[in-house]
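Biologist: Could you take one part of this model and walk me through it closely, strand by strand? I am in my first year, so please go step by step.

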Amino acid sequence: MKPENIFAAIPADLDNELFEVLVSSENVTIEKIISRGHQSPERGWYDQERNEWVLVLKGCAKLMFDDHAVVNLKAGDFILIPPHKKHKVSWTDPDQETVWLAVYF
């Protein structure tokens with residue numbers, strides 16, 4: 001077995017957010033997300049069937065919820081978003097990558 005590095009292969013050009021499934025099973029999906037100035041579309045919300053635990057490994061971001069609550073996240077911060085808690089990414093740092101680790105279960 002050979003280890004991999006979560007920070008490897010970050011493209012210099014990030015016109016679009018990068019989503020990479022690292023591990024997936026019937027009950028759990030672990031995903032790496034890389035953002036640089038990206039945010040969710042103005043219209044619509046993420047409304048997921050499963051729990052989402054998200055950790056910011058590098059950079060910073062803001063999440064907004066449909067009750068207008070805003071959560072600021074910096075490297076090391078994590079949050080558990082329960083199923084059907086409508087949310088979106090309202091901001092990510094445009095000057096550096098924001099590297100997320102998202103666990104869906």
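Modeller: Let's start with strand β4 (residues 60-65) and its partner β7: the two run antiparallel and are joined by five bridges. To find your place along this pairing, look for Leu63, whose bridge partner in β7 is Val89. Please keep in mind as we go that this is a predicted model.

Now step back to the sheet around that pair. It is an open sheet of three strands in the order β5-β4-β7, with antiparallel pairing. Its edge strands are β5 (70-74) and β7 (87-92), and each of them pairs on one side only. Between neighbouring strands of this sheet the average turn is 25 degrees, with direction ignored.

Two lysines are worth a look here, as each is placed over a tryptophan ring. The charged end of Lys62 sits over the ring of Trp91, at 5.9 Å from the ring's centre. Lys88, in turn, lies over the face of Trp45, and here the distance to the ring centre is 4.4 Å.

Next comes the other sheet, where we can slow down. Five strands form this open sheet, in the order β1-β2-β8-β3-β6, and the pairing is antiparallel. At the edges stand β1 (18-24) and β6; each has a single partner strand, so one side of each is left without a neighbour in the sheet. From one strand to the next, the twist averages 20 degrees.

Walk across this sheet from the β1 edge. β1 is joined to β2 by six bridges, and the two run antiparallel. Along this pairing, Glu20 has Lys32 in β2 as its bridge partner. Strand β2 (residues 29-35) also pairs with β8, in the antiparallel sense, over seven bridges. Here you will find Ile33 opposite Trp100 in β8.

That brings us to β8, the strand I would most like you to look at. Is β8 enclosed by the rest of the structure, or left open? Seven of the seven residues of β8 (residues 98-104) are buried, so the strand is largely enclosed by the rest of the structure. In a regular strand, side chains alternate between the two faces of the sheet. You can follow that pattern here: Thr98, Trp100, Ala102 and Tyr104 point one way from β8, while Val99, Leu101 and Val103 point the other way, and all are buried.

On the far side of this walk, β8 is joined to strand β3 (residues 52-58) by six bridges, again running antiparallel. Tyr104 of β8 is the bridge partner of Glu52. Glu52 also leads us to a loop residue: its side chain makes a polar contact of 2.8 Å with the side chain of Gln48. Gln48 lies in the loop between β2 and β3. Apart from neighbours within four places in sequence, Gln48 is in contact with Pro83, His84, His87 and Tyr104, so we meet Tyr104 of β8 once more.

Let's finish with the aromatic rings. The structure holds one aromatic pair. It is formed by Trp53 and Phe78, with ring centres 5.3 Å apart and planes at 40 degrees, so the pair is tilted. Trp53 lies in β3 and Phe78 in β6 (residues 78-81), so the pair ties together parts that are 25 residues apart in sequence. Trp53 counts as partly exposed, at 25% relative accessibility, whereas Phe78, at 54%, counts as exposed.

Technical notes
Residues numbered from 1 in each chain as written. Predicted model: local features only at pLDDT ≥ 70, side-chain atom pairs only at ≥ 80, totals over all residues. Heavy atoms only, no water. Buried < 20%, exposed > 50% of the residue type's maximum accessible area, 1.4 Å probe, protein only. Helix = DSSP H or I, 4+ residues; strand = E, 2+ residues; numbered from the N terminus. Pairing = 2+ DSSP bridges. Phe/Tyr/Trp six-rings, centres within 6.5 Å; stacked < 30°, edge-to-face > 60°. Lys NZ or Arg CZ within 6 Å of the ring centre and 35° of its normal. Axes fitted to C-alpha atoms, helices over the stretch in contact; angles between N-to-C directions. Polar contact = N/O pair within 3.5 Å; in protein donor to acceptor, adjacent residues only side chain to side chain. Contact = heavy atoms within 4.5 Å.
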